[in-house]
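This report covers two contact surfaces in one model. Please keep the structure open while reading.

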Amino acid sequence: MGPSGASWRVSALELRDVRSWHRASLVLGPGVTVLTGHNGAGKTSLVEAVVLAAVGASPRSGQMGDLVRHGERALHVRATLAVPGRGETVRDLGYQPRVGRRLAEDGVPVASLAAWRRPGSVLVFVPEELRAVKGPPAARRRGLDRVLEAVVPGFTEAVATYGAALAQRNALLRRAKTGDGAAVADAAPWEAQMAAAGAAVTRGRRQGIAMMAAPFARWLADLGGASGGAVRLEASPSRLDGVGDDGWQDAFRAYLADRRGRDAAAGMTLAGPHRDDLWIGWDDFDARRLGSQGEQRTAALALLLAHRDLLRERAARPILLLDDVFSELDPGRRHALVEAVTDGGQTIITTADTGFEPQREVPGAVVVRVPDDVDAAA
Amino acid sequence: MAELSRLPGIGARSAQRLAFHLLRQPSERSLALAAALTGLAERIHPCPRCFSFAEDELCPICADQRRDPSLLCVVEEPSAILPIERTSEYRGYYHVLGGALSPIDGVDPDDLRIAELLARVEAEGVAEVVIATNPTMTGEATALYLADALRGKVRITRLASGLPVGADLEHADELTLGRALLGRRELA
């Protein structure tokens, strides 16, 4: 366990008009909970609700409107979350299309999502999570950054500052291209801020990946994947790969100044931490592009467990939410995954698989049949 | 009510409350308010020197001969002058840029009173320019731009970022505390 041995935990969950649920409430134990039930019973929505209450966004859909029960105006989720070092808090999230989110903690409204969300409190594996391996670079960057937000102080702010300065530089270069009163030389103040924030982002990503590499290789092998597993930062611009953390800021600033003409012609900044990617594979096999569905799933699970290790060691053990992973794994891999997630922390697993026997395969697990065991109202 | 609700921070409900209040109070008070508003529109104009607000030819600060002409403080908006004045720590003159650089919003150096600033620095014998743009991304970029434009001509300083007086370190946000650490000063 981490510096404090602390863990995140959700003890109670209430939802109203989320996907197929009208009203539902659920009490969750501190260890492993297995939600079983047939397809469409609403297991995934319960997992989704935990994630909503923790970080305010769905792991499955970028459109919050998709989550509102058909025919209803708004959804609401309330969860009792144990925050490491702080004790239990009651968190509320309401959402209504075109009105937006209403957030509160312990009954006190919180205006900004950034202040309300709890980075590093949950790690989720939903089938869509394969994007973290085979998706576009942005999906892999996001997967990494979500963990670093909880581990590296100031990382969230650095990413936001970098993005805002990047948007300003791009706007300036586009306006300069159309001769709209702006000059490319005026990009300098934005480049200075991109370099300062970008250096913090790059340092954080380099550190994070260095700490994740060994756990990833171990979990990949343990889950029956290849040996020689590796994750590496494919940083942008690659020309600065050899530059150490101390010199990176100045080097990137000079690089940007040098690239103004080409970036202006393209109408955007072509290289920088906003184009970083994560290489995932084994030996020289690029699992992102060449892996089979099964290999990519194993890699995504190994990545999730490496993230769990990093959070546990440097921040607090997150709540693990594994949606429908077991049906795709053979018994040997299932067993390895169950072993890995029964570490004393809270893990919530959903499964529709009738061939999977949680009572036998997951010792000590609490099995909740969905919807029968869920306190629900029509 | 429609006119009132155009004011910043006034929603439809506040506008309604203000309108009813104006109707209820003695009519001479409403007329006094109307006269003040008319005066605002007719008499207040940008100061030709610092671009703050002036009622006479120059604003009261530019008209004050006792101030230190070697100091010039650059702010984004006139509203930033009042809090600096309240500190009583500053005895120089001001220069209002009229905003901050922001290419996204179409604000380029030409849209700010930067040429006027450079001309004043030359003409008024300024020794130090205190850059007091906001500690936001656009304010920082504007400060960096001005520093480049003024480099070698004059001493350039920037307001320090730091901790609120009377607050515990334990409650400071990481960004502010980090800046305060970077900007720490020799004590002995």
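## Terms and model

Buried area is the accessible area, with a 1.4 Å probe, that two parts lose on being put together, summed over both. The model is predicted.

## Interface of chain B and chain A

By that definition, chain B and chain A bury about 1,300 Å² between them. Carbon and sulfur atoms give 66% of this area. The contact takes 16 residues from chain B and 18 residues from chain A. On the chain B side, the residues that lose the most area to chain A are B:Pro103, B:Asp108 and B:Met137. Together they account for 42% of what that side buries.

The polar part can be listed briefly. One salt bridge is counted between chain B and chain A. B:Asp108 forms a salt bridge with A:Arg175, and the closest N and O atoms are 2.2 Å apart. Four residue pairs are in polar contact across the interface, both residues at pLDDT 80 or more. Two helices of chain B, α6 (137–150) and α7 (174–182), each supply at least two residues to the side that touches chain A. α6(B) gives the most, with six residues. By class, the chain B side divides into nine nonpolar, three polar and four charged residues.

## Domains of chain A

The domain assignment splits chain A into domain 1 (1–120 + 316–378) and domain 2 (132–315). Their centres, taken over C-alpha atoms, are 29 Å apart. In the contact, 21 residues of domain 1 of chain A meet 19 residues of domain 2 of chain A.

The two domains of chain A bury about 1,700 Å² between them. Carbon and sulfur atoms give 63% of that area. A:Ala316, A:Arg333 and A:Ala340 supply 26% of the area that domain 1 of chain A buries against domain 2 of chain A, more than any other three residues.

## Polar links and elements between the domains

Three salt bridges are counted between domain 1 of chain A and domain 2 of chain A. The side chains of A:Glu149 and A:Arg117 meet in a salt bridge at 2.8 Å, N to O. Seven residue pairs are in polar contact between the domains, both residues at pLDDT 80 or more.

Which elements give two or more residues to the side of domain 1 of chain A that touches domain 2 of chain A? They are β12 (319–323) and α11 (331–341) of chain A. α11(A) gives the most, with five residues. That side of domain 1 has 13 nonpolar, three polar and five charged residues.

Notes:
Residues are numbered from 1 along each chain as its sequence is written. Chains are lettered from A and ligands numbered from 1 in the order in which they are written. This is a predicted model: local features need pLDDT of at least 70, side-chain atom pairs count only at pLDDT 80 or more; totals for chains, interfaces and linings use all residues. Side-chain values use heavy atoms; hydrogens and water are left out. Domain bounds come from an automatic or database domain assignment. Contact means heavy atoms within 4.5 Å. A salt bridge is a side-chain nitrogen of Lys or Arg within 4 Å of a carboxyl oxygen of Asp or Glu. A polar contact is a pair of N or O atoms within 3.5 Å; within protein, one must be able to donate a hydrogen and the other to accept it, and residues adjacent in sequence count only if both atoms are side-chain atoms. Helices (H or I, at least four residues) and strands (E, at least two) are DSSP runs, numbered from the N terminus. Ala, Val, Leu, Ile, Met, Phe, Trp, Tyr, Cys and Pro count as nonpolar, Asp, Glu, Lys and Arg as charged, and the others, Gly among them, as polar.
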